[in-house]
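Q: I have a fold open in my viewer and would like to learn how to read it. Can we go through it feature by feature?

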Amino acid sequence: MKAVFKCLFICLSLYAEIQAQSTKPNILILFTDDHTYHALGALGNKVVKTPHMDELVKNGTTFSRASCLGGKHGALCVVSRAGILTGRYLNSLPGGADVIPTDHTMMPEHLKKFGYKTFATGKWHNDKAAHFRAFDEADNIFFGGMHFPDEGGHEHANLYHYDPSGQYPKSAQWSAEKFSSTLYADAAVAYLNQNKQSQQPFFAYVAFTSPHDPRTPPAPYDKMYDPNKIPLPKNFLPQHPFDNGEMEVRDEQLLPKVRTPEMIKKELAIYYGMISEVDAQIGRIIQTLKTNGQYDNTLIIFAGDNGLAVGSHGLVGKQSVYEHSMRVPLVMVGPGVPKNQKTDALCYLSDIFPTVCSFLGIEKPVSSEGKNLLEAIRNPQAIFRQNIYYKYRDIQLAVRTHDDWKLIKYNVKGIEHQQLFNLKKDPWETKNLAMDKKHQARLATLTETLKAEMAFYHDNLDLTLPNWGKMLK
């Protein structure tokens with residue numbers, strides 16, 4: 001009889017565990033690459049067609065002033081990807097963030113402790129050991145920064161299937177025959193279908209490599225936009241007015257040095273084509289969730305890793321601290337998340353990890369530094385951060401205030417520049433007020449604010465570098 005009661009107790013315990021697991025929401029991260037915040041229909045762009053991203057905006061809460069973390073080298077996405085997974089800020093990610101140390105607990109790694117199975121597909125621009133540590137399953141994995149044209153481009157991405165040893169030798173790499181976004185959506189859809197009857201919650205990380213260049217959208221997206229009908233950015237310039245320290249970076253070599261309106265319109269046409277293509281793949285994933293009955297119990301987080309200029313300020317790439325490079329789309333959709341809501345909370349991608357922890361009612365790991373965005377969701381009118389700090393290498397620093405003033409300081413080869421913008425009146429950063437006598441007091445105040453933010457975010461910038469000490473007095 002004791003054996004029967006023991007068996008019954010075990011069965012009831014397992015049933016209770018399964019029931020508890022089934023109430024936990026799934027977590028789905030949808031991550032686009034080089035996607036500036038204003039390249040979304042629902043966020044004010046009247047040209048680009050993004051019906052599925054627009055649906056996420058309609059069904060969730062949008063963070064209209066979300067930012068990437070800045071960068072330690074030209075590939076800002078490396079820091080962004082480490083930041084979203086660890087919840088750490090720019091200066092707390094060692095080196096170039098290419099390697100995620102074992103003492104930096106990652107979101108999927110943490111969720112495993114609470115009964116989650118973890119899955120990834122797409123781009124991984126950090127170390128292979130961290131990927132293996134984080135995910136139980138994966139497929140169509142791309143280890144690298146971009147699909148270089150001479151390595152197959154988006155059309156023939158060099159990928160890996162999941163390696164249970166975590167070694168991923170070069171010999172196991174294979175060349176795909178589908179466009180990159182399709183392959184990543186294929187893997188995500190297959191995973192969702194595989195788990196539609198599972199009682200165990202999942203964490204799925206889908207990291208697209210689009211709309212990152214090479215901008216080669218497949219049909220019909222390659223002809224979707226007529227360059228002649230695309231307006232130029234309001235901050236279009238043929239050239240940047242001074243050397244910002246990255247005038248020769250790879251991104252800036254994609255177009256001739258003097259950018260013509262025709263050139264930028266053509267580039268925007270294919271950029272928007274890439275965005276519409278990846279939007280369609282996101283739509284496939286969302287529809288799979290709905291078909292499988294998983295949608296209502298899944299927290300969906302859609303974000304971009306960093307912005308892009310594509311003609312703004314005479315630039316092409318993302319290696320600047322202008323808003324077009326720093327701001328990213330960030331939308332959350334899921335159980336209890338208000339629909340069709342926007343908040344202007346100043347936030348970072350690093351805030352996603354602690355937010356997920358709070359959403360699930362679990363403690364964030366001690367290694368995570370970000371803030372809980374549920375505070376901004378619950379009270380969208382409250383001030384979430386007074387200021388936000390940007391940095392690119394040791395050559396560009398900036399601070400943006402909650403009331404929409406922004407200061408940028410440049411120190412390139414010992415030559416200094418300053419820009420002061422009133423973003424409320426000038427959101428495209430076209431009128432530099434730094435030399436205006438009326439704004440010298442604000443310039444001085446913002447310099448002090450920048451220094452305070454640098455200290456808070458552990459910026460140990462070498463002030464002995466030519467001019468930095470003088471510029472930050």
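Q: What volume does the largest pocket have?

A: Keep in mind that we're looking at a predicted model. The largest pocket comes out at about 620 Å³. There are 33 lining residues, and those closest to the pocket's centre are H38, L43, G44, N45 and W428.

Q: Which element gives the most to the lining of the largest pocket?

A: Helix 7 does, with 3 residues. Strand 2 and helix 7 each supply at least two lining residues.

Q: How do the residues of that pocket lining divide into nonpolar, polar and charged?

A: For the largest pocket you get 19 nonpolar, 6 polar and 8 charged.

Q: Now the closed spaces. How many cavities of 30 Å³ or more does the structure hold?

A: It holds 5 of them. The largest cavity has a volume of about 50 Å³, and the second largest has about 40 Å³.

Q: Which residues line the largest cavity, and of which classes are they?

A: The lining is made of L69, Y89, L90, N91, Y348, Y389 and Y457. By class that gives 6 nonpolar residues, 1 polar and no charged ones.

Q: What lines the second largest cavity?

A: Y37, H38, N235, H313, E323, H324, P427, W428 and E429 do. That lining splits into 3 nonpolar, 4 polar and 2 charged residues. You've met two of these names already: H38 and W428 are listed here, and both are among the residues closest to the centre of the largest pocket.

Q: How should I read a helix, and which residues of helix 2 are buried?

A: The general idea is that an α-helix has 3.6 residues a turn, so residues three or four places apart point the same way. In helix 2, which covers residues 51-59, the buried ones are M53, L56, V57 and N59.

Q: What do the buried residues of helix 2 pack against?

A: Mostly a set of strands, plus one helix: strand 1 (26-32), strand 2 (61-63), strand 9 (298-304), strand 10 (330-333), strand 11 (341-343) and helix 7 (261-291). Strand 2 and helix 7 are also the elements that came up in the lining of the largest pocket.

Q: How many disulfides does a search of the whole structure find?

A: In general, a disulfide is a covalent bond between the sulfur atoms of two cysteines. Here the search finds 0.

Q: Why is there no bond at C68 or C347?

A: It's down to distance. The closest cysteine sulfur to that of C68 belongs to C77 and is 10 Å away, so it is too far for a bond. For C347 the closest one is in C68, at 12 Å, again too far for a bond. As for exposure, C68 is buried at 0% relative accessible area, and C347 is buried at 0% too.

Q: Is T121 buried or exposed?

A: Buried, because its relative accessible area is 1% and the cut-off for buried is under 20%. T121 sits in strand 4, residues 117-124. Apart from neighbours within four places in sequence, T121 is in contact with D139, N140, Y184, A187, A188, Y205, V206 and A207.

Q: And where does E246 lie?

A: In the loop between strand 8 (202-207) and helix 7. E246 counts as buried, with 11% relative accessibility. Setting aside neighbours within four places in sequence, E246 has contacts with E252, Q319, Y392, R393 and I395.

Notes. Residues numbered from 1 in each chain as written. Predicted model: local features only at pLDDT ≥ 70, side-chain atom pairs only at ≥ 80, totals over all residues. Heavy atoms only, no water. Buried < 20%, exposed > 50% of the residue type's maximum accessible area, 1.4 Å probe, protein only. Helix = DSSP H or I, 4+ residues; strand = E, 2+ residues; numbered from the N terminus. Contact = heavy atoms within 4.5 Å. 1 Å grid on protein atoms, 1.4 Å probe; cavity = no way out; pocket = protein on both sides within 12 Å on 5 of 7 lines; lining within 4 Å. Points joined across faces, edges and corners; volume = space filled by probe spheres on them. Nonpolar A, V, L, I, M, F, W, Y, C, P; charged D, E, K, R; others polar. Disulfide = S-S within 2.5 Å.
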